[in-house]
Amino acid sequence: MTEPAAVLDALNDDQRRAATYEGGPLLILAGAGTGKTGTLVARAAWLRGQGVQPSRILLLTFTRRAADDMLARAQPPDGSAAERIVGGTFHAIAHRVIRAHAEAFALPTEFTVLDPADTADVLDTLRDARGLVGTDSGRRTPRAATCAEIYSRCVSTGTALAGVLRAGYPWCVPFASQLAGLFSDFVGYKRRHGLVDFEDLLLLWRAALADVSAGPVLRGLFDAVLVDEYQDVNAVQADIVRLLRPDGTGLTCVGDDAQAIYAFRGADPEHLRALAATYPDLAVIRLSRNYRSRHAVLRLANAIRPQHDGLELALTAERGLGQPPLLVRCHDEATQGREICARVLTEYEAGARFCEQAVLVRAANHSDLLELELTARGIPYVKYGGLRFTEAAHVKDFLAAARIVANPADDLAWFRLLRLHEGVGPVLARRVIDTLQIAGPGAFGRWPDAEQVLPGRLAPAVAATVRQLERAAELPSTAERAAAILAALSDPLTARYADAAVRRADLERLADAAAGSPSLHDALVQLALDPPVSASDLAGRPRIDDDFLVISTMHSAKGLEWPVVHLPQLVDGAVPSDMALSTAAGLQEEQRLFYVAVTRARDRLYLYAPLRMHHHRRGADDRHSYAQLSRFLDATALAHCDLAEAAPPRPVLIPAAPLAASVDRDLASLWGSGLP
């Protein structure tokens, strides 16, 4: 921790004004790379210096890493509870409130938090009863993942089901009544089995804040509320902030409406724009001095930045001029792949490591031809995205067993654990669960009755697993519980997976990570709210750094930066995505996403636009369409770019003259043969 005075000394004038603002509600409009994190940390430190007790300062963020970083910089790691700022993600703080008052929410103390994949699994088990399985209806029906998306969109935006269907899922409109019934069943299912999904965490916290009795108590816990990335809040989160600070006293929001890119999660920059209406005395302080990018990059960024009345912002560079962004017009996508590889290698030879370069794509499949070219040239790369570690089958098996130990009423966890055993199908698993009556207390005590449902050849193996989990539930420490759960799964995992040894190594890391949590419940919540991407994430930073080119979606690149950035596929239909062109709001979000991508570059920015888009990118035919340069690269934007052309490699031929002469001789022989 740094003392408040020392923190303030490191700020520029605008940052200092924001950190030391003494009035009512404050919006810090912070452009990309302008030091918003340091400013927010300085404000928390300044508030402490003004006599605000640290434990009465609440810091809300959207990622655990951001919360940990800011808290570490704003307070001593070994201070007492009274000396520590309360901070975390919206969902983590909501969980803390709900856990402390579980009975008031009609929840067991060890309730289960469902991640999005779990939510889809539960909906999948319920949708058959509502006629939403295509094989029954004889027509296309919304799959479980689609149902989960619709449910989340309704809740996070506060929009009625009919409105969500019309706006984003018009083909599902005929199923509106079945979906309404499904979602009602889903809510009842969660309540019966002690389950809470991500949306519930926020809804329950909001309900508590709005309650006549509980609201004043919860609001009274804090004198200051600091919210990071406010442009990313959804309707429920915006309500929570408003209920925490109804009159705006002690409220500081940091955000930039031009960087709002998570509409698919229910986020809406209108919540940031509406702050002035909610709090008439709102002060707005702009941070525009950019410490990340060169001036040449920022000229393009300012040209493409969407501006909104009252929230205009133009970035100025603190790092010098630099090279103008280079737009490479490529013959086709294959040429684009070769151009990117060539420029990556050129930068590498000039001293930029592969890990100091990133290729940012609008959609994960936009890099498939590039990945082939990188492999052919021996350029190592790592791609962010795809299956999360906690979505792997064996990891979900372990988590299901752990959830049973923490919350024996978890129906979905029992279903997965039983299905893990050879010979146990969905019907048999459901009969066993029904016999256990898991919604009532003492489910493990009813196992002897449930065991009778199993065929004799299956009963010993399943019973052995369940008995070990029952013993794990009685162990005092999280470490002992995690080890016992892993031991209980040893035999069924070996029988199910051919590569069981590799999978067990993953689970050993997972058990070790869980052992550091205060309780098994806390470990499960941590994994649900902030899942690792891979097993290596649990082990921390490797001791020997490998050098890999980064391929990432633009969404995943938010908050990151690289000295060199490559942006491919800058044509209409890709950037902006054709899926977003049906509404004005969708197009505006695509422009904000492009702005975010451009502002990831520190020193050099390469833009690529293929002229021809092949219909079958990996096929042998040459069917193609001509692509239009992204509408975001208009004349104003292009004025800040250098231009280059890239043609496909020309084949090496022998001199043309001998070939022509040979053909002429052959033709001449045709004219002269057979004549009298």
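Colleague: Where does proline 576 sit?
Modeller: In the loop between S15 and helix H28 (584–598). Helices (H or I, at least four residues) and strands (E, at least two) are DSSP runs, numbered from the N terminus. This is a predicted model, in which local features need pLDDT of at least 70, side-chain atom pairs count only at pLDDT 80 or more, and totals for chains, interfaces and linings use all residues. Residues are numbered from 1 along each chain as its sequence is written, and side-chain values use heavy atoms, leaving out hydrogens and water.

Colleague: What kind of peptide bond joins valine 575 and proline 576, cis or trans?
Modeller: A cis one, with omega at about 5°. Most peptide bonds are trans, and most residues other than glycine have a negative phi.

Colleague: Which sign does phi of glutamate 229 have, positive or negative?
Modeller: Positive: phi is near 55°, and this residue isn't a glycine. Glutamate 229 belongs to the loop between strand S6 (224–227) and helix H13 (235–244).

Colleague: Why is glutamate 229 called buried?
Modeller: Buried means under 20% relative accessible area, exposed over 50%, and partly exposed in between (1.4 Å probe, protein chains only). Glutamate 229 has 17%, so it counts as buried.

Colleague: And glutamine 437, is that buried or exposed?
Modeller: Glutamine 437 comes out at 51%, so it goes down as exposed. Glutamine 437 also has a positive phi, about 50°, without being a glycine. You'll find glutamine 437 in the loop between helix H21 (426–436) and helix H22 (447–451).

Colleague: What makes alanine 66 partly exposed?
Modeller: Its relative accessible area is 23%, so alanine 66 lands in the middle class. Alanine 66 lies in helix H4 (residues 64–74). Aspartate 491 is 425 residues from alanine 66 along the chain, and the two C-alpha atoms are 40 Å apart.

Colleague: How do you know that the span of helix H10 agrees with what it should be?
Modeller: The expected span is 1.5 Å times one less than the number of residues. H10 (residues 176–193) has 18 residues, so it should span 26 Å, and its end C-alpha atoms are indeed 26 Å apart. Among the buried residues of H10 are Leu179, Leu182, Phe183 and Phe186. In general, residues three or four places apart point the same way because an α-helix has 3.6 residues a turn. Just after H10, glycine 194 takes a positive phi of about 65°.

Colleague: How sure is the predictor about the chain as a whole?
Modeller: pLDDT is the predictor's confidence in each residue, from 0 to 100. The chain averages 88, and 91% of the residues score at least 70. Among the elements, helix H7 (residues 134–137) has the lowest mean, 60, and strand S15 (residues 562–567) the highest, 98. Over residues 536–545 the pLDDT is below 50, and beyond near neighbours in sequence this stretch has seven contacts in the model, where contact means heavy atoms within 4.5 Å.

Colleague: What makes a space a cavity and not a pocket?
Modeller: On a 1 Å grid over the protein atoms alone, a cavity is a set of points where a 1.4 Å probe fits but cannot get out, while a pocket is an open set with protein on both sides within 12 Å along at least five of seven lines; lining residues have an atom within 4 Å of a point. The search finds two cavities of 30 Å³ or more. The largest holds about 70 Å³, where a volume is the space filled by probe spheres set on the points, and points are joined across faces, edges and corners.

Colleague: Which element gives the most to the lining of the largest cavity?
Modeller: H17, with four residues.

Colleague: How do the residues lining the second largest cavity divide by class?
Modeller: Into 10 nonpolar, no polar and no charged. Ala, Val, Leu, Ile, Met, Phe, Trp, Tyr, Cys and Pro count as nonpolar, Asp, Glu, Lys and Arg as charged, and the others, Gly among them, as polar. The lining includes Phe398, Ala402, Ile485 and Leu527, and the volume is about 40 Å³.

Colleague: And what lines the second largest pocket?
Modeller: There the split is 18 nonpolar, four polar and 10 charged. That pocket holds about 610 Å³, and H19 supplies the largest share of its lining, seven residues.
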